[in-house]
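Please read the following report on the disulfides of one protein chain and on one of its helices alongside the model itself.

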Amino acid sequence: MSILISHTEQATLICSTNWKALLKVSLQLSVVPITMPTLMNRSCTNLPVATISKVSGLCHYHQAIFVLQYLNRKREKLSSKFYDNTCPKALSTIRTAIRTAVSRERRMAASLIRLHFHDCFVQGCDASILLDDSATIQSEKNAPNNNNSVRGFEVIDNVKSQVESICPGVVSCADILAVAARDSSVAVGGPTWTVKLGRRDSTTSGLSQAAANLPSFRDGLDKLVSLFSSKGLNTREMVALSGSHTIGQARCVTFRDRIHDNGTNIDAGFASTRRRRCPVDNGNGDDNLAPLDLVTPNSFDNNYFKNLIQRKGLLQSDQVLFNGGSTDSIVTEYSKSRSTFSSDFAAAMVKMGDIDPLTGSNGEIRKLCNAIN
């Protein structure tokens, strides 16, 4: 099967470790007749830089669809005013529902911020993390870094139901996740920011991508820097976003090794306190919780960074941010200035929300966040 393609295109294929950055395209809508293996080769280390211009004629159907989807995804810009006319009460409805949820359980603020983060890092900010298993979907909820870990789905489902009751089929689940993260921060004393809107919901999931694209509690600094860089976020933004661990809790299974290894980068008293509810034996107390910030676990502040300087980071992936490496100075700066951290965190959240959104005619507006239409 083939499809007729416009001949007015100019495009450049650039080899990159990020396949979504392979194409730099002109503003004119068109496609290029290059093979899918070339497009999908993520390392691209042995491919030459190829410049393709003024192409015409027939392209294979799947090549055409792939590039058209890429072009459409990048064409539409997000806007904070996206729902001003189509659903003017959307943001206030979301805000009220999130305030209610967080007032019932303060931990939910951290869970909703994390849910947005785990969504954006797997095939973009498209609400794919919300999809349940089905005949056509392998849910991201089953990924190692999500299973029995990410939570807050019922809150998002409730928000979606309320928004659907006033504006059926208008507001995407992806946008609800983005707004819920902002409103959760505000609800626990954290910064606010202007959320750009207009994302659409995916009709696919990225279970296979989740294991590779989501950070692990065991990650070292180099791995974290590389992972965030692959999403377009620099080292300072990585440290700022890690500061969301100023709220929330972690399961024993994620910090057991750190508190029982008698390492030099953990405060002995802190380790001793954490061991009381996290025994050394695997399978014993795995789901017991501990606050990521022992001092102010329910307030969004900069104590997380002060804890790191005192070697009281709960997770290994926290403490590596202050362990004689390149990010020590950023941690120190944030520990001294809550306002600097808050400002940087807000800016980084806006930037993270821009990771590969579906816009225009791509994707859909789901009726239920946990299932495609």
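A disulfide is taken here as a pair of cysteine sulfur atoms within 2.5 Å. The model is a predicted one, in which local features need pLDDT of at least 70 and side-chain atom pairs count only at pLDDT 80 or more, while totals for chains, interfaces and linings use all residues. Residues are numbered from 1 along each chain as its sequence is written, and side-chain values use heavy atoms, with hydrogens and water left out.

By the sulfur criterion, the count comes to four disulfides. When the bonded cysteines of the protein are numbered in sequence order, their pairing reads 1-4, 2-3, 5-8, 6-7. Three of these links are set out below.

| Disulfide | S to S distance | Torsion about the S-S bond |
|---|---|---|
| C120 and C125 | 2.0 Å | 120 degrees |
| C173 and C369 | 2.1 Å | about -100 degrees |
| C252 and C278 | 1.9 Å | about 75 degrees |

The link of C120 and C125 is right-handed. Burial is judged by relative accessible area, with buried meaning under 20%, exposed over 50% and partly exposed in between (1.4 Å probe, protein chains only). C120 counts as buried because its relative accessibility is 0%, and C125 counts as buried because its relative accessibility is also 0%.

The disulfide of C173 and C369 is left-handed, because the torsion about its S-S bond is about -100 degrees. This pair links distant parts of the chain, with C173 in helix α6 (residues 173–187) and C369 in the segment after α15 (338–352), 196 residues apart. Helices (H or I, at least four residues) and strands (E, at least two) are DSSP runs, numbered from the N terminus. C173 is buried, with a relative accessible area of 0%, and C369 counts as buried at 2%.

The torsion of about 75 degrees makes the disulfide of C252 and C278 right-handed. Here too the pair links distant parts of the chain, 26 residues apart, since C252 lies in helix α10 (residues 252–260) and C278 in the loop between α11 (268–275) and β7 (289–291). Both C252 and C278 are buried.

Helix α8 (residues 221–230) has L221, L224, L227 and F228 buried. Seen down the axis of α8, its buried residues fall within an arc of 130 degrees, so they line one face of the helix; the arc is that of the directions from the helix axis to the C-beta atoms. Among the elements that cover these buried residues are α4 (107–120), α7 (207–213), α9 (235–242) and α13 (316–319), where contact means heavy atoms within 4.5 Å. Just after α8, G232 takes a positive phi of about 85 degrees.
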